[in-house]
Amino acid sequence: MSSGFFKPVLLTALMLLLASMAGGLSCTPPSPVTVRVGYLLGDLHHLPLFVALDKGFFEDEGIDVQIVGPFDAGPAEMDALTASQLDMGYVGLAPAILAAARKVELSIISGANQEGSGLATQKSINGVTDLQSKKVATPAPGSIQYVMMGMLLSSNKMSYKDIELFPGTIKPPDMPGALQTGRIDGYFVWEPYVARSVVSGAGKVLVESKDIWPGHPCCVVVTRNDFATKNENTVAAVLRVNRRAINFIADNPAGAKIIAQKFTKLDAATIDEAFKRVKYTFTLNRDDVKRFVKEIIALGETGAIKPIITSADVPDIDAFVNRVVNVK
Amino acid sequence: MVSLPQIFPTPVAVVIALKDLLIAPGPQGVAWAGELLGNTLISLWRVFVGFSIAAVSGVFLGIIIGWWPRARDLLEPVIEILRPIPPLAWIPLAMLWLGLGFKPAVFLIWLGAFFPILLNTVLGIEGTPKNLIEVAKTLGANSWQILFKVGVPSATPSIMAGLRIGIGIGWMCLVAAELTGSNSGLGYMIMYYYSTMEAAKTVAGMLMIGIVGYLAFIGLKKLEDRMLFWRVSA
């Protein structure tokens, strides 16, 4: 056989080999991207995350999610984000704003829920003014419930000095028990721990957070800016997961409640009661966030709460919110 | 991470935080003292009460156990079961039994300080030189006189050492108790500023804890030197 025969054969063989290698490479599935996501202890507001984990929505998007937490309150979660122990998180709007005001490089990229917190009290308490000199617990200073307690006090011409406020002293799951044993007279916290006292008969809901501000934004999804810059597609995928989970909750409330029970380890009656007060939405209005920042600053200036953020921290609220809130 | 002031405040930031905390209004009842000194006074009061109860109960029980073998046989098993339980493990029960604020903090300080004082008192009493007891008997002293004129003075160096250890542990227990069960005091103040991401103020509070702890130690040492003036130093 002449060399003229072998050359085309060799060339063909080489081309076939290269093609099979290329085909092999394109058939290899891409490695899932790992994203560390934080959340709060037993917080029903973070049900979209629980639903996404239970239903495998992250895997559908090719995301390897690593859950970090749970955290007792938003400020602790924001500390972890600051220290790069988290990439993204479900957290209250107030701690996210607080962290951003402290120059933490983060962005608020989606809503998670509106409303859904409340003030549970002993049955003998008939109005906010009855809380004068009484013991009231909230999550840590800087949490949204701490701020809303301040708003409630302010609207009743009171301040935190008129009550015995215990912020961050009792973990949210322990608050219903503390009310039942009489250690505290009231607590302002996220669902389902407000509902717990109602269902157990230990207390009542004196005020819902929607009574203070109807439709107020509550929990949001945040991301570290450096993570978002390097992983745009991953962040976009997590947002798709969040939307899909929120739509699932709207379309399948019964299924969502079962998942809620699983993650919070609370009974069906408590979850049913809590669901009445939580609205799930991925929308987040910048004007609402601006209003919230103004409220936090004003509450500190009037002495309703100890100042958390001052106008020195956020001299231009519009610019601050426009920079931090990037909801698509 | 070192470049994150929210987590690692600079020394200058801590000094500024100290200044701010000195002039900010203090907690209810001690608003005049400023936030830093006001919370310090609250913590000190809790330590004073808890430590006083621990000192009296620890020395009293220690003398009984150290002097009377029957009391030791009866009480030692109970003490040896309770002693290894870390005081901090009692925090949830302390809050459940005693509520929030002053009482659980005092309880935890008492718990932390009690055992070192008790054990050092027992050791001191048991270590009373036998020859001194014999001499006292020879001179006609009765049991009570031997206990209070020979046993207790002989045990005083050990008792003072126990008090110094006790105040250190009691102070640490106080801070832990205030981190979770209070709305005032240095421990609470540290937790508060951790939550509002003001690390410089958190560090300022920790610095104050260290300073007060050191001053308490020095105070007790001076008291010990005055009481034990007869002791020949090495």
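Two residues are in contact here if their C-beta atoms, placed from the backbone, lie within 7 Å. With that in hand, let us walk through this predicted model, beginning with chain A. Among the contacts in chain A with a separation of 6 or more, 80% join residues 24 or more positions apart.

**Chain A as a whole**

Chain A has 328 residues, and 53% of them count as buried. Its secondary structure comes to 15 helices and 12 strands. Along its principal axes, the C-alpha trace of chain A spans about 105 × 45 × 30 Å.

**A sheet in chain A**

A good place to look next is an open sheet of 5 strands in chain A, with mixed pairing and the order β2-β1-β3-β11-β4. Which strands stand at its edges? They are β2 (63–71) and β4 (106–111) of chain A; each has a single partner strand, so one side of each is left without a neighbour in the sheet. From one strand to the next, the twist averages 30 degrees.

Strand β1 (residues 33–40) of chain A pairs with β2(A) in the parallel sense, over 7 bridges. If you would like a spot to find on screen, A:Leu40 stands opposite A:Phe71 in β2(A).

A helix belongs to this picture too. Helix α4 (residues 74–82) of chain A lies across β1, β2, β3 (88–92), β4 and β11 (219–224) of chain A, and runs at about 155 degrees to β3(A).

**Where the two chains touch**

How many residues does each chain bring to the contact? Chain B gives 18 residues and chain A gives 23 residues. On the side of chain B that touches chain A, the elements that give two or more residues are α4 (91–98), α7 (143–181) and α8 (186–195) of chain B. Of these, α8(B) gives the most, with 3 residues.

**Two helices of chain B**

Two packed helices are described by the angle between their axes and the distance between the axes. For α4(B) and α7(B), the angle is about 60 degrees and the axes are 11 Å apart. Their crossing is right-handed. The contact is made by B:Ile91, B:Ala94 and B:Met95 of α4(B), together with B:Ala176, B:Ala177, B:Thr180 and B:Gly181 of α7(B).

The table sets out the residue classes for the two contacts described above.

| Set of residues | Nonpolar | Polar | Charged |
|---|---|---|---|
| Side of chain B that touches chain A | 9 residues | 9 residues | no residues |
| Contact of α4(B) with α7(B) | 5 residues | 2 residues | no residues |

Note on methods. Residues are numbered from 1 along each chain as its sequence is written. Chains are lettered from A and ligands numbered from 1 in the order in which they are written. This is a predicted model: local features need pLDDT of at least 70, side-chain atom pairs count only at pLDDT 80 or more; totals for chains, interfaces and linings use all residues. Helices (H or I, at least four residues) and strands (E, at least two) are DSSP runs, numbered from the N terminus. Ala, Val, Leu, Ile, Met, Phe, Trp, Tyr, Cys and Pro count as nonpolar, Asp, Glu, Lys and Arg as charged, and the others, Gly among them, as polar. A residue is buried if 20 or more other C-beta atoms lie within 10 Å of its own, exposed if 12 or fewer, and partly exposed in between; C-beta atoms are placed from the backbone. Axes are lines fitted to C-alpha atoms, for helices over the stretch in contact, and angles run from 0 to 180 degrees between N-to-C directions. A crossing is left-handed if the near helix is turned anticlockwise from the far one by less than a right angle, and right-handed if clockwise. Two strands pair if DSSP finds at least two bridges between them.
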